[in-house]
Amino acid sequence: MKKILSSFLLVLCLLSHENTIAQTLVTLGTASTSNLGNTYPCPYGNQFWGAKHDVLYLASELNAVGMSKGDISSMGFNVSVLNIPTTLQNFSIKIKTTSATNVTTTFGTGFTQVYSAASVPVSLGWNTHTFNTPFYWDGVSNL
């Protein structure tokens, strides 16, 4: 069994289209807790081959850390403990806007794939994924 402890700290890179193009990094979360590789959701949890995770980020949370409308060009996760080095195969990130305020027990539909890689090595510290295609966030919808 591969085991990864990951603090659920997220960094989003936002490119604003307001008058000038400026890059803003925002950090969501405190990294005060971590979970086991078989505890979900875990961005890199892969105890079960082909694991999928739905994670909801509320617009109020994103706004509170200084995020505003614009293109999101990357996403990163901070790995605090890596018990067995691993490389994930066929890793992808998909995003959509939603009015939902909680995640249901079934996986959602209608996502836009923004990142895809045949293999992704996971390492200690920040693992940042630069999107193949930026995702426009309207600044008011949940992600």
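Before we look at anything, one term: a residue is buried under 20% relative accessible area, exposed over 50%, and partly exposed in between, using a 1.4 Å probe and protein chains only. Ser60 is a handy example, since its relative accessible area of 53% makes Ser60 exposed.

Okay, some ground rules. This is a predicted model, where local features need pLDDT of at least 70 and side-chain atom pairs count only at pLDDT 80 or more, while totals for chains, interfaces and linings use all residues. Residues are numbered from 1 along each chain as its sequence is written, and side-chain values use heavy atoms, with hydrogens and water left out.

So what is the chain made of? It has 1 helix and 9 strands. Those are DSSP runs numbered from the N terminus, helices being H or I with at least four residues and strands E with at least two. Reading from the N terminus, you get β-β-β-β-α-β-β-β-β-β. Of the 143 residues, 38% are buried. I'll also use "contact", meaning heavy atoms within 4.5 Å. Take the contacts with a separation of 6 or more: 74% of them are between residues 24 or more positions apart.

Back to Ser60 for a second. You'll find Ser60 in helix 1, and its C-alpha atom is 8.0 Å from that of Val140, although the two are 80 residues apart along the chain.

Now the inside. A nonpolar core here is a set of buried Ala, Val, Leu, Ile, Met, Phe, Trp, Tyr and Cys residues joined through side-chain atoms within 4.5 Å. The largest one has 25 residues, and the members touching the most others are Ile93, Ile95, Tyr115, Phe131 and Leu143. Two or more residues come from each of strand 3 (22-28), helix 1 (59-64), strand 5 (70-79), strand 7, strand 8 and strand 9 (125-137). Which element gives the most? That's strand 8, with 5 residues.

Let's zoom in on Ile95. Leaving out residues up to four places away in sequence, Ile95 touches Met75, Phe111, Thr112, Val114, Phe131, Phe135 and Leu143.

Tyr115 has a story too. Rings of Phe, Tyr and Trp (its six-membered ring) pair if their centres lie within 6.5 Å; planes under 30 degrees apart are stacked, over 60 edge-to-face, and the rest tilted. How many aromatic pairs does the structure hold? Just 1. The partners are Phe91 and Tyr115, with ring centres 6.1 Å apart and planes at 70°, so this pair is edge-to-face. Phe91 is in strand 7 (residues 86-95) and Tyr115 in strand 8 (residues 112-122), so the pair ties together parts 24 residues apart in sequence. Both partners count as buried, Phe91 at 11% relative accessibility and Tyr115 at 13%.

Right beside Phe91 in the numbering there's Asn90, also found in strand 7. Is Asn90 buried or exposed? Exposed, with a relative accessible area of 64%. Its phi is near 50°, a positive value in a residue other than glycine.

Last stop, strand 5. This strand is mostly covered, with 10 of its 10 residues buried. Strand 5 runs antiparallel to strand 9, and 9 bridges join the two; for strands to pair, DSSP has to find at least two bridges between them. If you want a spot to click on, Gly70 stands opposite Trp137 in strand 9.
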